Every structure is written in structure tokens, then in C-alpha cells.
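Hi,

Here is the structure I said I'd pass on. Have a look at it first, and my notes follow below.

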Amino acid sequence: MPGLLFLAAMGGLYAALYYFNHKTPIPAGCEVEEVSCHGCSISSCGKHPSQNYTLEVKQ
Amino acid sequence: MAELFTLFITAVLINNIVLTRFLGLCPFMGVSRKTSSALGMGGAVTFVIFGASMFTYALYHLVLNKYGLQYMDLITFILVIASFVQFTEMIIKKYSPALYKSLGVFLPLITTNCAVLYVALDNIKQGFDLIETIVYSLAVPIGFTLVLYLFSAIRERLDLSDVPAPFKGNAIAMVVAAIMALAFGGLAGLV
Amino acid sequence: MNKLDNFKAGFIKENPVFALYLGLCSVLAISTTLNNAVGMGVAVIIVLTVSNVIISAIRKVTPSEIRIPVYIVVIATLVKIVEMLIQAYATDLYGTLGIFIPLIVVNCIILGRAEAFASKNNMLDSLIDGIGMGLGYTFGLIILSAIRQILATGILNFSNPFTSEMMFEVRLIPADYVISLFSTPAGAFLTFAMIAGALEAYKSKASKKVKEVK
């Protein structure tokens, strides 16, 4: 029982941080970053096409 | 003091994490095409490994050991590492665009880097105390950065030379890694 | 036929080890003997298949923004269960594989397939894809380990992981002619490079033939 609670707490913390990070826009001046790792298949990387690496510019 | 120095040199040169333990190879192939990106990746990895090792060490000894939850170590460590990376990336995005430009883009890739989880687990497995953990968690990524930098310098030149067609790209990089492993193997009798 | 093509692609054309360069850390470190290769391969197949099925089953209810955390929790739980099972039932294997069983969590293949395939297809397709990719990984790992073990020690042997009895042992190269370089890290990198280069040459020849026929 304490293990499950601990797991839920850690998982919740990670999910919350991930969500907040996803919402934080990339700072201005980094839009023209060309992706230099073409064809890499590591899909958990932030630059992978499946991650919707959109360049939201902070106004 | 002497044991700490031996630990440091062993982790950087003799038991180098890339060339002898084969960890941290995935970004090795992708990021090592230019020396500037290699240094950025190395800096990011050093920061993540050091920070995540501190947190996982503290969490293991203060929480998991006390309440008999040692079987949760794997899940806890990977969640701590991932949370730490997300938190760091968020802070860097908000407060330092210059820093984000140079090393922020590599941060999400480090979450699934074998080396980070390996150092976190190894600190526990080898039973280090706090000082030894600090030394080891700094030495391993310094060794990684060293090899990554050398590798990228070699690859910059390799991209301009005449490589046989089937080996272009990653296969020739592996041959370079083999020769580097041989070279570093000669340092085995250092300490 | 589409399912069969998916399955076959995981073996040669899109072999996760030699064509996609995923999961390299564990492949190079484990491939010293055939025993280790088969043990690790089976563990990866189990984790990959079960995680694909579970993630495919919950794909409709996971919020899209936090899917990576959910996948990581699922995979980490599975790996810990597999590790404890190996520790209990195949203790010799646990001794040799050591710290690389927990490192299956960060094996790029598992998270990659979960993200690219299991989150978008139904359970049966995900199951087949998991088995196909896992078998491709194991296939690559077995080839690498067999070559390294034969060249470095001359013997090819396999023992039952649950009872530790030798199932077969055959000497292919006399003991005086073995090249012990292949049991070192340098030999691992070199063998991997040769196999990857050979696969690339085969793929380019195959695509050249297709172009000529057209």
C-alpha cells in the first residue's frame, strides 16, 4: 500500500512537471534552430517529429 | 583523499562509460557531428547526471531504505530523473534563453540516456557514501564529455573524407569508436 | 499480407539494432556470449510485447499531453517485474546480465515503438509489432554474440538458464587461433560496424535491383 501511494505521488509529480514544461514556450531567438539529428529514431527526444516540436515564440 | 582521486581517474579514463561500458551511445551517434554541439551535450549531461544522482541518492537513503521499499528503486529513479529534466528545462526556458539555445535542446534526449540511470543505480549498488557519490557522479559525465568531444572532432574530418558507401554515417563512426576504445584501453595500468 | 510485411520488416530492413541503431547500449554490452544474448532478447521481447499491448489498450483514455510519463511508468513497472522474475528463476542469468536488466527501461526501442505504433493501433497489431521488433532485436543480438563468441573463444555453447545445464557445446576454432580482441569493447564496436556495413550494402544492392527492374 505505501508503495502504491509513493508510486502515484512520483508519477503525478512527473506528469505535472511534464505538462507545465510542455506549456512553457520556447524563448525568442531559438526559432531558427535547424534540427541536426535527422533520421534519429529516439521518439522521446523533444525534437522528434512526433513530439510536435512547434516553435512558439514568446512575445 | 587518494581513494577519491583514484575513483575519479578510474571513472573518467580507465572505466570510461562510453568506451568500456557502452552506455550513452544513442546520443553519441546523433549529436557528435560538430564539436560545439558535442560540448553543449556534454555540459547538459554533466548537469543532469550530477543533479539526478544527488536526488536519487537522497531519496533512496532517506525514504526507500527506511520504509522497506527497495523494490521501488527502478521506478523511483526513472521518475526522479525524468522530473528533474523537465523541471530544469522549464527553468532554463523561462530564465535564460541564451543557455537554452546552447544546451536546452538536448535536455529531453537525456531522459532516456542509459548513462544517467546507470550512475543512479550504480551509486546504490557500490554502496558509496555522500562524498564518493559526488565524485563519481561528476567523474562519469566528465569522461563522457571528453570522449564525445574527441569523437566529434574526428567525425568533423571524417565527413569530408572518402568513406566507402556502405559505411558512411554510423558504421564508420563505430569503427572510430573501436579504435578509440583500443587507445583508451592502453591507459589501464594508470592507477 | 500487410501484417506479415510488418513482421518481416522488423527482421532485416528495419532491424532495430543494425538499421535503426536503437538500443545500442545493451546490445554491445550483452553480446559476449550466446547465453546472455538469448536471455536478454527474451526479456526484451516480453517487455516490448506486454507494454505494447497495455499501451494500446489504454490509448483512448490517456490524455495526449502526458502520454510520455504514462508510458514510462508502465514500462518501468514491467521491467521491475521481469527483473524480479529473472532474479528468482534464472539466477545465473541475473548474475551475468546484472545492471543491464533495469536498463531495459531506457531502451530506446520500447519507448519508440510505444510512441510510434502502439499509441495509434489496436491491440492485435501492437502485439504483432512488439513480437516482430523484439524478434528482430534478438536476432541481431544473437548474430553479434555468436560471431564474437566464436572468434574470441572458439566455442559456441548454450546452457539452460533455469537449470544451468549445458545444452550443447561445439568447438569451431582451435584454441590456439582465437582472437581475444573480440571479447574486448573494441572488438564489440568493430563487429557491430562490420555487420551494420554489410546490412547497408545488402540494402543498397536490393534497392538498386528494384530500380533496374522498374
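On one side of helix 1 of chain A, you'll find A:Pro2, A:Leu4, A:Leu5, A:Ala8, A:Ala9, A:Phe20 and A:Lys23 exposed. Bear in mind throughout that this is a predicted model. The other side of that helix holds buried residues: A:Met10, A:Tyr14, A:Ala15, A:Leu17, A:Tyr18 and A:Asn21. Looking down the axis of helix 1 of chain A, the buried residues fall within an arc of 165°, so they line one face. What covers them includes helix 4 (73–95) of chain B and helix 4 of chain C. As for its length, helix 1 of chain A runs over residues 2–23, 22 residues in total, and spans 32 Å from first C-alpha to last, close to the 32 Å expected at 1.5 Å a residue.

Next, chains C and B. Here 29 residues of chain C are in contact with 33 residues of chain B. On the chain C side, helix 2 (24–30), helix 4 (67–89), helix 6 (108–118) and helix 8 (185–213) each supply at least two residues. Helix 8 of chain C gives the most, with eleven residues. By type, the chain C side divides into 23 nonpolar, four polar and two charged residues.

One residue to click on is C:Ala193, which sits in helix 8 of chain C. C:Ala193 counts as buried because 20 other C-beta atoms lie within 10 Å. Leaving aside neighbours within four places in sequence, C:Ala193 is in contact with B:Ala171, B:Met174, B:Val175 and B:Ala178. Its C-alpha is also separated by 8.9 Å from that of C:Phe18, 175 residues apart along the chain.

Cheers

Terms used
Residues numbered from 1 in each chain as written. Chains lettered and ligands numbered in written order. Predicted model: local features only at pLDDT ≥ 70, side-chain atom pairs only at ≥ 80, totals over all residues. Contact = placed C-beta atoms within 7 Å. Helix = DSSP H or I, 4+ residues; strand = E, 2+ residues; numbered from the N terminus. Nonpolar A, V, L, I, M, F, W, Y, C, P; charged D, E, K, R; others polar. Expected span 1.5 Å × (residues − 1). Buried ≥ 20, exposed ≤ 12 C-beta atoms within 10 Å, placed from the backbone. Arc of directions from axis to C-beta.
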